[in-house]
Amino acid sequence: MSYFSYKNGVLHAENVALSAIAQQFGSPTYVYSKAALVEHFSAYHDTCKLHGRDDTGAMICYSVKSNSNLAVLQLLNQLGSGFDIVSGGELLRVIAAGGDPRKVIFSGVGKSRDEMRLALSHDIFCFNVESIPELHRLNEVAGAMGKRAAISLRVNPNVDAKTHPYISTGLKENKFGVAYDEALACYRTAASLPHIEVVGIDCHIGSQLLDDAPLLEALDKVIELIDQLHSEGIQLHHLDIGGGIGITYDDEKPVAITDYLGRLFARVDAWRQQKYQGAPIKVMFEPGRSIVGNAGILLTEVQYLKHSAAKNFAVVDAAMNDLMRPAMYEAWHGVQAVLQRPTASQTYDVVGPVCESGDWLARSRSLAIEQGDLLAIMSAGAYGMTMASNYNTRGRAAEVMVDGDQAHLIRKRENPGDLFALESTLA
Ligand SMILES: *Cc1c(COP(=O)(O)O)cnc(C)c1O
């Protein structure tokens, strides 16, 4: 269900009017619904339980890069989530939010020595290694610390996720992971290194997938590799199928999490029964967008309505630096007026104040609005705030989490002064 709905003609987040949030915290402001986050995480967690997998049989590692606010991480940690990180900074966030590093997996193609040391010192669950040189570096760093690094190899199953080229990651021309045909050789190398402990296999084929067929195809390829490794005496303890399930931005109909997980577990169970006398294997997921995407909106105020012969513009106080997805991927986000007006609507491009023609948030939208009205840019919970920048020396937006009839400030608005505090003029 949606936790953003109209009550008495005013758009609410749960039981709080977005107009009240703008009044109290200003705009632009990201607003998240706690109940939505709980519901989306529970879809994964409860389905795992339904298929007989407790926390040792399955692990949901929320993808921190989709929304890394401490309050979001804290909530997901309380619900039992692990975390998928792509930098040392994200590990520090998880720890600051109370998360357990032993439920952290570390993905990414460019891990530095410092990041490896940090992660090893906190005994993370495992590194998702993406190349042979990374394997050698990790072996060396772990050795110098007198440790063994648990690893899984990110394999590239070469399946077409049929999504936007910028968010497709599982084809052989992508920079991610180890090519499928080279995976066996990489595992043999990994198994021979003294400070590496091979524990799993992972893949992540792309984002905003509406259908689970490519994921099940990737699963089959991963299963094939696990069997080949088994016959060579390399035993894996987990398989990690990545994240990638899409959400509804407009009229997309993504597969239900329960259906996807049901099909996935059925295949895994049949395979384990057939080949390993039912011996279980831990199954892991790395969802991001499907947990936070539709749990958040970006609240913004109309500064000016600008009418020209060719177009009408609603110039708002949020911009591409706050929500980069439209400029970066031509992504479509719904736009809803917070106050429902009975007046006739007009067609507007919703644009920000930044000095770039790419600075638009939505195009050709029918809206009944006046100057000073508030708009909600919908489905902005994932890859919104985490991709925000300070371009044009604009402080990043505030963030608010709504819980029932309470609104909690979970990130203060940045002041321009904060933005150049680390800079210095020449002596
Ligand atoms: C970004 C990312 C995810 C999360 O993807 P979603 O589409 O948001 O679910 C998971 N795993 C890895 C390795 C990623 O880079």
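## The surroundings of Asp 359

Setting aside residues up to four places away in sequence, Asp 359 touches Ala 319, Met 320, Val 351, Gly 352, Pro 353 and Val 354. The model described here is a predicted one. Asp 359 sits in the loop that joins strand S17 (346-351) to strand S18 (360-367). Its relative accessible area is 3%, and residues under 20% count as buried, so Asp 359 is buried.

A comparison of sequence and space can be made for this residue and Asp 212. The two are 147 residues apart in sequence, and their C-alpha atoms are 33 Å apart in space.

## Overall form

The protein contains 12 helices and 21 strands. Its radius of gyration is 23 Å, close to the 22 Å that the globule rule gives for 427 residues, so the protein is as compact as a globular protein of that length. Taken along the principal axes, the box filled by the C-alpha atoms is roughly 70 × 60 × 40 Å.

Of the 427 residues, 55% count as buried. The accessible surface of the protein is about 18,200 Å², and carbon and sulfur atoms account for 51% of that surface. Among contacts with a separation of 6 or more, 70% are made by residues 24 or more positions apart. The protein carries 38 positive and 49 negative charges, and the mean positions of these two groups are 2 Å apart.

## Two domains

The domain assignment divides the protein into domain 1 (4-32 + 293-419) and domain 2 (34-291). Domain 1 is thus given as two stretches of the chain, whereas domain 2 is given as one. The C-alpha centres of the two domains lie 33 Å apart. Where they meet, 22 residues of domain 1 are in contact with 23 residues of domain 2.

## Ala 295 and its contacts

Which residues does Ala 295 touch, not counting residues up to four places away in sequence? They are Phe 4, Val 31, Tyr 32, Ser 33, Ala 36, Leu 37 and His 40. Ala 295 belongs to the loop between helix H10 (289-292) and strand S14 (296-307). With a relative accessibility of 1%, Ala 295 counts as buried.

One of these contacts, His 40, shows how residues that are distant in sequence can meet in space. Ala 295 and His 40 are 255 residues apart in sequence, yet their C-alpha atoms are 8.4 Å apart.

## Val 222 and Ala 161

Val 222 lies in helix H8, which covers residues 213-231. Is Val 222 buried or exposed? At 1% relative accessibility, Val 222 counts as buried. Val 222 touches Val 155, Ile 201, Cys 203 and Leu 239, when residues up to four places away in sequence are not counted. Phe 176 is 46 residues from Val 222 along the chain, and the C-alpha atoms of the pair are separated by 16 Å.

Ala 161, in contrast to Val 222 in its helix, is found in a loop, the one between strand S9 (149-156) and strand S10 (178-179). Ala 161 is also buried, with a relative accessible area of 5%. Ile 201, one of the residues that Val 222 touches, is 40 residues from Ala 161 along the chain, with 19 Å between their C-alpha atoms.

## Features of the backbone

The peptide bond from Ser 27 to Pro 28 is cis, and its omega angle is near 0°. Pro 28 lies in the loop that runs between helix H1 (18-25) and strand S4 (29-33).

Positive phi values occur at Ser 379, where phi is near 55°, and at Asn 392, where phi is about 70°. Neither Ser 379 nor Asn 392 is a glycine. Ser 379 is placed in the loop between strand S19 (374-377) and strand S20 (398-403), and Asn 392 is likewise found between S19 and S20. What is the relative accessibility of Ser 379? It is 5%, so Ser 379 counts as buried. Asn 392, at 33% relative accessibility, counts as partly exposed.

Conventions. Residues are numbered from 1 along each chain as its sequence is written. This is a predicted model: local features need pLDDT of at least 70, side-chain atom pairs count only at pLDDT 80 or more; totals for chains, interfaces and linings use all residues. Side-chain values use heavy atoms; hydrogens and water are left out. Helices (H or I, at least four residues) and strands (E, at least two) are DSSP runs, numbered from the N terminus. The radius of gyration is taken over C-alpha atoms; the globule rule is 2.2 Å times the number of residues to the power 0.38. Buried means under 20% relative accessible area, exposed over 50%, partly exposed in between (1.4 Å probe, protein chains only). Contact means heavy atoms within 4.5 Å. Accessible areas come from the Shrake-Rupley method with a 1.4 Å probe; for residues, only the protein chains shown count as cover. Lys and Arg count as positive and Asp and Glu as negative; His and the chain ends are not counted. The place of a charge is taken as NZ of Lys, CZ of Arg, CG of Asp or CD of Glu. Domain bounds come from an automatic or database domain assignment.
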